[in-house]
Amino acid sequence: MILIHNSSSTFLLSGIPGLESLHLWISIPLCFMYLVAILGNCMILFVIKTEPSLHEPMYLFLSMLALTDLGLSLCTLPTVLGIFWLDLREIGHDACFTQLFFIHCLSFLESSVLLSMAFDRFVAICRPLHYASILTNTAIGRIGLASLGRSVALIFPLPFMLKRFSYCGSSVLSHSYCLHQEVMKLACADIKANSIYGMFVIVSTVGVDSLLILFSYTLILRTVLSIASKTERLKALNTCVSHICAVLLFYTPMIGLSVIHRFGKQAPHLVQVVMGFVYLLVPPLMNPIVYSVKTKQIRDRVTRAFCH
């Protein structure tokens, strides 16, 4: 294989097109969102760690979700604030490839964690007598390691597949951070292999996970509808509300952004930028809020901490 050397050593990240003069003002709500996301997920982790009654499978999976969201926020924070505060648009190729590795790895890890949480709800509702024996701490640890291993194994080739290209045309990216599906379009070479592999990764992670989550909830709904008591049915469904919200918050913008990048060539550039921010900022921002509001044990512990 002949490696092609890069003729350009940097990419240019973008803020919000047409609103460059307002970047400093736009950075205020962005900073607030990042702050809430980081503090919210740290709070979830702290509450679960310090409260022995929360050392249960459901909350251990929630702590994995919070860790993943925290990582996603920290991945994009330096480049986003660098653009909106200091207009630092340049990013080296290696730094860009490193950032996209962590963004995609953590995104697909979050998909795996959401699937694990769906399995947790399935076992709790459909197999309640076997819950403690199926979801042991060892089993949860193995699920976590398997999820991480899958994400790393699938995303690891991407930076090397991009590094072999020459980038001799436009070096401007649409977002304030690097994404594989966008960087590969700047290459002065045939990107068919990258495009096919990227589609394979999405289908084998997000595609498979979303179908399995849907299947889990089909079984959960069938079990819930067979419960005689209306109160018990509502109680069982209520334990799933937070997870359903987290699933919608994650998959909706991710699928929307993927569709726009691959098929929405005529979509306004501003739509791509806004969808990009929604995809990476909204789930880490909203998940701690949703779980704090809808989960009584976490809500009570947080309220107690603030009262004291």
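Is C105 buried or exposed? Select C105 and find out: at 6% relative accessibility, this cysteine counts as buried. Keep in mind as you go that you are looking at a predicted model.

**Stop 1: two cysteines without a partner**

Stay on C105 and turn on the sulfur atoms. The closest cysteine sulfur belongs to C75, 9.1 Å from that of C105, which is too far for a bond. Now select C126, which takes part in no disulfide either. Here the nearest cysteine sulfur is that of C240, at 8.9 Å. C126 also counts as buried, with 12% relative accessibility.

**Stop 2: the C96 to C178 disulfide**

Next, look for cysteines that do pair up. As a reminder, a disulfide is a covalent bond between the sulfur atoms of two cysteines. Searching the whole structure turns up two of them.

For one of these, select C96 and C178, whose sulfur atoms sit 2.0 Å from each other in a disulfide. C96 belongs to helix α3, residues 93-126, while C178 is in the loop that runs between α6 (157-163) and α7 (180-183), so this bond ties together parts that are 82 residues apart in sequence. Look along the S-S bond: its torsion is about -125°, so the disulfide is left-handed. Switch on a surface and check both ends. C96 is buried, at 0% relative accessible area, and C178 is buried with a value of 0% too.

**Stop 3: the C168 to C188 disulfide**

Now pick C168 and C188, another bonded pair, with 2.1 Å between the sulfur atoms. C168 is in the loop between α6 and α7, and C188 is in the loop between α7 and α8 (192-225), so the link ties together parts that are 20 residues apart in sequence. The torsion about this S-S bond is about -135°, so this disulfide is left-handed. With the surface still on, look at C188, which counts as partly exposed at 35% relative accessibility.

Before moving on, show the bonded cysteines together and number them in sequence order. What is the pairing? It reads 1-3, 2-4.

**Stop 4: A193 on helix α8**

Select A193, a residue of helix α8. A193 is partly exposed, and its relative accessible area is 41%. Which residues does A193 contact once its neighbours within four places in sequence are left aside? They are M161 and R164. Draw a distance from A193 to M161: the C-alpha atoms are 8.7 Å apart, although the two residues are 32 places from each other in sequence.

**Stop 5: the largest nonpolar core**

Time to go inside. In soluble globular proteins, nonpolar side chains tend to be buried together. The largest nonpolar core of this model holds 85 residues. To see its best-connected members, select F11, L62, L114, Y167 and V183, the residues with the most contacts inside the core. Then colour α3, which supplies the largest share of this core, 17 residues.

Zoom in on L114 and display what surrounds it. Setting aside neighbours within four places in sequence, L114 is in contact with L65, I213, H243, A246, V247, F250 and Y251.

**Stop 6: the largest cavity**

Rolling a probe the size of a water molecule over the atoms shows where empty space is left. Across the whole structure, three cavities of 30 Å³ or more are found.

The largest cavity contains about 170 Å³ of space. To get there, centre your view on H104, F108, Q181, I202 and S258, the closest to its centre among the 15 residues of the lining. Helices α3, α7, α8 and α10 (241-263) each give at least two residues to this lining. Colour the lining by residue class and you should find nine nonpolar, five polar and one charged.

**Stop 7: the second largest cavity**

Finally, select M58, M117, D120, R121, T239, S242, H243 and Y291, which line the second largest cavity. The elements that give two or more residues to this lining are α3 and α10, and α3 gives the most, with three. The volume of this cavity is about 50 Å³. What is the make-up of the lining by class? Three of its residues are nonpolar, three are polar and two are charged. Look again at H243 here: this lining residue is also one of the contacts of L114.

Note on methods. Residues are numbered from 1 along each chain as its sequence is written. This is a predicted model: local features need pLDDT of at least 70, side-chain atom pairs count only at pLDDT 80 or more; totals for chains, interfaces and linings use all residues. Side-chain values use heavy atoms; hydrogens and water are left out. A disulfide is a pair of cysteine sulfur atoms within 2.5 Å. Helices (H or I, at least four residues) and strands (E, at least two) are DSSP runs, numbered from the N terminus. Buried means under 20% relative accessible area, exposed over 50%, partly exposed in between (1.4 Å probe, protein chains only). Contact means heavy atoms within 4.5 Å. A nonpolar core is a set of buried Ala, Val, Leu, Ile, Met, Phe, Trp, Tyr and Cys residues joined through side-chain atoms within 4.5 Å. On a 1 Å grid over the protein atoms alone, a cavity is a set of points where a 1.4 Å probe fits but cannot get out, and a pocket is an open set with protein on both sides within 12 Å along at least five of seven lines; lining residues have an atom within 4 Å of a point. Grid points are joined across faces, edges and corners, and a volume is the space filled by probe spheres set on the points. Ala, Val, Leu, Ile, Met, Phe, Trp, Tyr, Cys and Pro count as nonpolar, Asp, Glu, Lys and Arg as charged, and the others, Gly among them, as polar.
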